[in-house]
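Me: I would like to go through this structure with you, one topic at a time. Could we begin once it is on the screen?

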Amino acid sequence: MGKFKKNKLLSIIALLLAGTCMSCQNGSYGKRIEEDLTSTNIIEDNYRNYYEIFVRSFYDTDGDGIGDLQGVIEKLDYIKDLGFNGIWLMPINKATSYHKYDVVDYYAVDSQFGTMEDLEKLIEECHKRDIKLILDMVFNHSSSSNPWFSKAKRAHAKELKSEELTEEENKFKNFYSFYSTKPSGITTYETTVDGKKFYYEANFSSGMPEFNCDSQAVKDEFKNIMKFYLDKGIDGFRLDAVLYYYYGNHTKNVEFLSLINQWAKEVNPNAYIVGECWDSAQIIGQYYESGIDSFFNFPVSVNNSSSPIMNSTNQEGKMLNRYYDGLIDNISLANGHIPAPFLDNHDMPRYTSRANADMTKFRYALLSMMNGATYTYYGDEIGMVGTNAGDSNPDQNVRISIPWGDVDNLGDCSMIAGVTNYNYPYGTVEEQLKDKNSLYNFYKKCLLIRNQNPEIARGEVSLVKMDRDDTKCLFIKKTYSGSEIGIIFNFSPTENLNVDYLSEGFSKVVGQIVVNNETYIGLQKDKSILLPPYSIAIVK
């Protein structure tokens with residue numbers, strides 16, 4: 001080869017290498033799109049981002065190893081900064097168990113968590129930050145240690161003996177679900193009081209007797225309890241186990257829920273109520289007839305084998321149509337009310353993947369693009385792992401303490417007795433605050449995008465494009481109050497996606513969610529955009 005040709009070839013190779021290096025240096029995604037990372041567009045309604053807190057394991061301020069209400073107050077800025085504008089507190093009433101779902105006194109805060117004054121201060125501080133606070137309300141059963149249960153058993157025994165009852169005894173004689181003979185289809189336990197044997201219904205354990213919701217005295221008490229907290233400024237309630245007011249009788253449950261909704265709205269017309277109806281979509285849809293604002297969308301959660309979020313992120317995006325179907329079903333299920341999608345909670349395994357942070361992030365991004373009020377379980381924002389599947393993995397495993405990572409472990413709670421299986425694969429809060437590519441900062445970005453675009457939670461959905469086999473692309477529109485946005489999803493975990501959004505009537509990219517913070521959604525020379533793997537673009 002001649003010297004000239006050889007030098008020319010070397011020059012060409014050098015240029016190619018230089019171009020390759022330039023591409024590596026500047027990225028192959030095109031021009032980086034500027035984003036507004038500060039402003040939000042919060043609408044004053046009940047379409048909120050709720051953060052579920054188990055107070056016992058959240059933040060301890062008095063050094064006893066037990067989280068408390070003052071700890072929630074201390075971390076309100078943390079919660080607000082993440083992008084949550086609603087808090088659901090798991091039960092805080094006086095109770096005998098660690099989980100507090102066996103209430104001894106509905107009008108008192110459990111002393112482990114603080115005082116009623118602490119709750120009042122929490123309400124005040126939440127409202128200063130435009131955070132709504134809802135309480136977990138257990139209306140299907142109480143603790144057997146509740147004084148009401150002792151009074152009811154004695155009064156019922158006197159009635160069985162045909163003895164004269166006082167006015168108070170007449171109130172309590174049928175306060176709980178008592179039976180003279182053992183019924184079938186429900187769980188009951190035998191008790192003997194003053195020589196009279198009878199049975200009481202207790203579907204969860206012998207220590208949690210079921211109320212008799214046909215009793216006017218029970219109805220009056222529930223109404224008073226709700227008024228007591230609404231008058232203090234509580235913004236609503238999460239209703240526990242609504243299938244068990246009248247176990248096996250959906251019609252009567254719906255009727256009773258209608259009363260609960262009526263009682264709350266009489267005190268505060270804007271009170272928000274979400275119910276736990278752990279059943280099929282068909283049954284949940286039936287319960288919306290009660291007028292209750294929301295019921296948790298259990299078909300979306302990790303606990304459901306056909307979850308649209310879990311399934312659509314399998315098989316490298318080829319099942320993305322299941323997410324779109326779930327997006328539509330989530331809206332139709334609520335039937336004009338507020339959908340309540342979520343991934344996990346205190347009764348099911350955490351959804352975090354130890355092995356695949358990108359998938360964990362993208363699944364949360366998919367939740368954040370759904371209509372309604374979303375619910376996020378405390379600690380998921382840092383990827384806490386816990387499973388409660390099987391006898392060797394109790395519920396305590398999914399109610400573990402947050403590792404804050406502060407100096408001298410400030411605020412860290414002790415582990416609950418009975419924990420057998422848990423993990424913190426992604427580090428402490430403090431570590432993740434400093435890592436721009438952490439789960440924490442990804443959650444924060446998802447919630448920011450959601451708060452900037454009211455159409456995401458409230459908009460009417462229409463399909464622009466769906467291609468699961470070739471490009472792994474889903475392109476939808478959401479329209480709310482005369483404003484329209486486009487949401488473009490790249491479901492592929494490995495491939496880039498090029499999309500022309502201008503031809504669909506949109507003019508600019510206003511937000512992006514990318515699981516790998518080293519990449520970005522880039523503007524191409526032809527004005528199309530290139531989405532990296534597992535990413536979402538918001539266009540207007």
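The exchange below covers confidence, pockets, cavities and a few single residues.

Me: What kind of model is this, and what is the average pLDDT of the protein?
Reply: This is a predicted model. The protein averages a pLDDT of 93, and 95% of the residues score at least 70. Over residues 1–26, however, the pLDDT is below 50. That stretch has five contacts in the model beyond near neighbours in sequence.

Me: On to the pockets. How much space lies in the largest pocket?
Reply: The largest pocket holds about 730 Å³ of space. Its lining comprises 32 residues, and L37, N441, K444, K445 and L448 lie nearest the centre.

Me: Which elements give two or more residues to that lining?
Reply: They are α3 (76–82), α14 (439–452) and β21 (509–514). The largest share comes from α14, with seven residues.

Me: And how do the lining residues of the largest pocket divide by class?
Reply: There are 12 nonpolar, 11 polar and nine charged residues in the lining of the largest pocket.

Me: What about the second largest pocket: what volume does it have, and which residues lie nearest its centre?
Reply: The second largest pocket has a volume of about 410 Å³. It is lined by 18 residues, of which Y101, F204, D240, E276 and D347 lie nearest its centre. By class, this lining has nine nonpolar, four polar and five charged residues.

Me: D347 caught my eye. Which residue's side chain reaches the backbone nitrogen of D347?
Reply: That is N345, whose side chain reaches this nitrogen at 2.8 Å. N345 is placed in the loop between β13 (340–341) and α12 (357–368).

Me: Is N345 buried or exposed?
Reply: N345 has a relative accessible area of 3%, so it is buried. Not counting residues up to four places away in sequence, N345 touches E52, F298 and Y377.

Me: Turning to cavities, how many are there of 30 Å³ or more?
Reply: The count comes to three cavities of 30 Å³ or more. In the largest cavity there is about 70 Å³ of space.

Me: Which residues line the largest cavity?
Reply: The lining consists of N41, I42, I43, Y47, N49, N85, R450, N451, A457 and R458. The elements giving two or more residues to it are α14 and α15 (455–458). Its residues divide into four nonpolar, four polar and two charged.

Me: So α14 turns up again?
Reply: Yes. Helix α14 gives the lining of the largest pocket seven residues, and it also gives two or more residues to the lining of the largest cavity.

Me: And the second largest cavity: how much space lies there, and what lines it?
Reply: About 40 Å³ of space lies in the second largest cavity. It is lined by L343, D344, Y351, Y364, L367, Y375, T376, Y377, D380 and Y443. Both α12 and β14 (374–377) supply at least two residues of this lining, and β14 provides the largest share, three residues. The lining residues comprise seven nonpolar, one polar and two charged. Y377, one of these lining residues, is also touched by N345.

Me: A change of topic: where is V429, and is it buried or exposed?
Reply: V429 is in helix α13 (residues 429–433). With a relative accessible area of 2%, V429 is buried.

Me: Which residues is V429 in contact with, leaving aside its neighbours within four places in sequence?
Reply: The contacts of V429 are with Y78, I382, I402, P403 and W404. In addition, V429 and D406 are 8.5 Å apart in space, C-alpha to C-alpha, and 23 residues apart in sequence.

Me: Last topic, the backbone. What is phi of D130, and what is phi of A241?
Reply: Phi of D130 is near 60 degrees, and phi of A241 is near 50 degrees. Both are positive values in residues other than glycine.

Me: Why remark on that?
Reply: Because most residues other than glycine have a negative phi.

Me: Where do D130 and A241 lie?
Reply: D130 lies in the loop between α4 (116–128) and β6 (132–137), and it is partly exposed, with a relative accessible area of 26%. A241 lies in the loop between β10 (236–239) and α8 (250–267). A241 has a relative accessible area of 5%, which means that it is buried.

Notes:
Residues are numbered from 1 along each chain as its sequence is written. This is a predicted model: local features need pLDDT of at least 70, side-chain atom pairs count only at pLDDT 80 or more; totals for chains, interfaces and linings use all residues. Side-chain values use heavy atoms; hydrogens and water are left out. pLDDT is the predictor's confidence in each residue, from 0 to 100. Contact means heavy atoms within 4.5 Å. On a 1 Å grid over the protein atoms alone, a cavity is a set of points where a 1.4 Å probe fits but cannot get out, and a pocket is an open set with protein on both sides within 12 Å along at least five of seven lines; lining residues have an atom within 4 Å of a point. Grid points are joined across faces, edges and corners, and a volume is the space filled by probe spheres set on the points. Helices (H or I, at least four residues) and strands (E, at least two) are DSSP runs, numbered from the N terminus. Ala, Val, Leu, Ile, Met, Phe, Trp, Tyr, Cys and Pro count as nonpolar, Asp, Glu, Lys and Arg as charged, and the others, Gly among them, as polar. Buried means under 20% relative accessible area, exposed over 50%, partly exposed in between (1.4 Å probe, protein chains only). A polar contact is a pair of N or O atoms within 3.5 Å; within protein, one must be able to donate a hydrogen and the other to accept it, and residues adjacent in sequence count only if both atoms are side-chain atoms.
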